[in-house]
Structures are given as C-alpha cells and as structure tokens.
Amino acid sequence: MKLIENPFLGQGLNDVSLAGIPMPSVEAAAPRALLARCPEAGATPLVALGPFAGAGAVFVKDERARMGLGSFKALGAAYVIASEAAAGRAAGQVFVCASAGNHGLSVAAGAQAFKARAVIYLSRAVPEAFAERLRARGAEVRRVEGSYEQSMEAAAKAAQEEGFTLLSDSSWEGYTDYPHRLMEGYLVMAAEAGEAMAEPPTHIFLQAGVGGLAAACAAYFRKIWGAGVQIVVVEPEAAPALKDCIAAGRFVAASGPQSCMGRLDCKEASLIALNGLARDASAFMTISEAQSVAALQPLADVGLETTPSGGAGLAGLMSLAPLGPEARVLCIVSEGPEA
C-alpha cells in the first residue's frame, strides 16, 4: 500500500494538458429526473456496518442492484443515451465503446431501450461470460487481442471509419461532451448517499479506474460537505493512473501488469476526472492484488459480496492503520460479485 497527500487540494493542477477541460458537474437534478423515468429506477441502499475495519462507523453505498444491471455504471451511459433520446437523436444511432466491464453493459442497455445499436470492444482480459451478457442485451461484441487501451483505440477507429457515435467513459483533449454528461449520471448515486447520511462522514474512500466515479462523487461531496471531509482515491498498484499524475504534477500514463481489479485496470486517467480530483481529493493511494482480494471475505461476511474492483474502496480502508472510534467512513461497493 502506498499513499500520497494531494498537494493540489483546493486548487487543482496547472497543466497545459488540462487547458479547456471541464470540471465535473455537481448538478444532480437533471440526471435524477431523467433516470427516474427508467422502468427499473430506484435508489440503492446505504448500508450501516457500525464499527468496521478500525473505524467507529462505516457506511456503504451498495450499487450491486442498480437498475437491474449490477453496477453504478448503469447510471452513466444509459443516462447519455436517454438524454439523446429526449432530444430525438438516439433511434437508429450506433453507439460504440470500449469496456473493461460494466460501462459496456450500460451502453448496451441504453441502446436497447431507445432503439439504437451498441458495438462494444473488449480486450482479451474481459471474460467471455461478460461478452455473453452484452450479447443478451443486443450488443455486437468485437474482441481485441490486446489491452484495454488498445480496445479504446479500436473503438475510436471504428467510430471514425464506420460512422458510429463514440461513447467513452473516459475523456481526452477534444473529447469531453459525452463523458462529462456520463459522469453527471453518477451524481444520482452521490446525491442519494448524501441524503441518506444523517451526519457528514469524516473520511470517504473512492475506487478509481479512469476516475469517473471518484471525480463525480468527490465534486458532489465537496459541494455538500465542504473541505472538512478527507477524500481518498484508491487505485490498483498495477494501474496508478491518477496517483502518478498527481506525483508528476501533470498528466502522465501509468504502466504495470494486468490487475485482478479488472474494472480499475486503466493506465490513463480521464482528463475530466484528473481535473476534478486534483482539486477535490485529499490523498491518492494504491493497493496490492493481495489486499484487494483479502477484503472480499470480510465484505461477504456482512452481506456485501463483490469483486476486487467493487470492493477496492473498502480494501483501501482495511489496508490503513485504524482510523479510530471517531471516524465515520463512507465507501461504495460499486458492482455485484458476477459483474
């Protein structure tokens, strides 16, 4: 486990690569109103664990049943496609993306609901069982014999050459509109958690891949709870994309082996997420493969079965020295055990 304090807290990075990149939205009303119209919409629970992992009280936002798709990702791409449908632009479109997991399922579900098509690129690391789940939602699955980053390149190439609409959950220079709106969908989860907490937490642990969940939630929680809460971003040691950028003081790509935290195994941060988290996160930490796996049984013992990716925020909490009886901690279990 490695942890660094964020020297840019409250101000953000002054990096030329972030010039013109928007900050994450904090306006939850629009996505809440639109997603409330979905057939399987409904708030997910906030589970109170009481004393846990060396903290006096731990609260877990349980996203495992979100909209019947098993992950917080249901809030993202489906919201973008619903927004396009509300503007009369979804029917007949082909949305293409790369996915390390649940983003693709949200794209597929949104496309199916609004008479569009989905083409999903998967790297070799994504299990075939997940590909079958995508096909069951009507998506066309295309395999890439390479990394997640190579599947992203293939999706972008297909969008350009075949006239598809690229719907990525990451962002880069010249591509921010859709990912910014997608991250706005995640504010539904953050707003629900904020309303369910009787008192503000002292600490929040947020797992990150490209950083969309962490950045959206951190921005919203800073809005409602202010500067007092400690927000810690948790990444795999094998993919410290955000932590490496903060350490360098600029955007850099990370490197490392494949991680068992597959949904978090992203070597390049979303620029929108980096922009927001450089301002809003208190600290960045990495956890090992062993630490992520060690968290699974304690979580299962309290009825929160998940994956190494889904439980990574709690694994971060468990890998630290005890925070003590005064600590009130908020974490997110972001996906179910078969996600």
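A nonpolar core is a set of buried Ala, Val, Leu, Ile, Met, Phe, Trp, Tyr and Cys residues joined through side-chain atoms within 4.5 Å. With that in hand, welcome to this predicted model.

**Figure 1. The largest nonpolar core of the chain has 98 residues.** Within this core, Val107, Leu134, Leu167, Leu206, Phe221 and Leu277 touch the most other members. Which helix gives the core its largest share? That is helix α6, spanning residues 177–196, with 10 residues in the core.

**Figure 2. A closer look at Phe221 and the residues it touches.** Leaving aside residues up to four places away in sequence, Phe221 is in contact with Ala190, Ala193, Ile204, Gly226 and Leu330. Phe221 is also one of the core members that touch the most others.

**Figure 3. A second core, separate from the largest one, holds 24 residues.** Its members include Phe52, Ala55, Leu264 and Leu320.

**Figure 4. Ala53 sits in the loop between two strands, β2 and β3.** Strand β2 covers residues 46–52, and β3 covers residues 55–62. Most residues other than glycine have a negative phi. Ala53, however, has a positive phi, near 55 degrees. Is Ala53 buried, partly exposed or exposed? Its relative accessibility is 32%, so Ala53 counts as partly exposed.

**Figure 5. Lys115 lies in the loop between helix α3 and strand β5.** The loop follows α3 (102–113) and leads to β5 (117–123). Here, too, is a residue other than glycine with a positive phi: the value for Lys115 is near 60 degrees. With a relative accessibility of 69%, Lys115 counts as exposed, because the cut-off for that label is over 50%.

**Figure 6. Stepping back, the whole chain has 12 helices and 11 strands.** Its radius of gyration is 18 Å, close to the 20 Å that the globule rule gives for 339 residues, so the chain is as compact as a globular protein of that length. Along the principal axes, the C-alpha atoms fill a box of roughly 55 × 40 × 35 Å. Of the 339 residues, 61% count as buried. Looking at contacts between residues at least 6 apart in sequence, 73% join residues at least 24 apart.

**Figure 7. The surface and charges of the chain round off the tour.** The accessible surface comes to about 12700 Å², and carbon and sulfur atoms account for 52% of that area. The chain carries 26 positive and 34 negative charges, and the mean positions of these two sets are 4 Å apart.

Note on methods: Residues are numbered from 1 along each chain as its sequence is written. This is a predicted model: local features need pLDDT of at least 70, side-chain atom pairs count only at pLDDT 80 or more; totals for chains, interfaces and linings use all residues. Side-chain values use heavy atoms; hydrogens and water are left out. Helices (H or I, at least four residues) and strands (E, at least two) are DSSP runs, numbered from the N terminus. The radius of gyration is taken over C-alpha atoms; the globule rule is 2.2 Å times the number of residues to the power 0.38. Buried means under 20% relative accessible area, exposed over 50%, partly exposed in between (1.4 Å probe, protein chains only). Contact means heavy atoms within 4.5 Å. Accessible areas come from the Shrake-Rupley method with a 1.4 Å probe; for residues, only the protein chains shown count as cover. Lys and Arg count as positive and Asp and Glu as negative; His and the chain ends are not counted. The place of a charge is taken as NZ of Lys, CZ of Arg, CG of Asp or CD of Glu.
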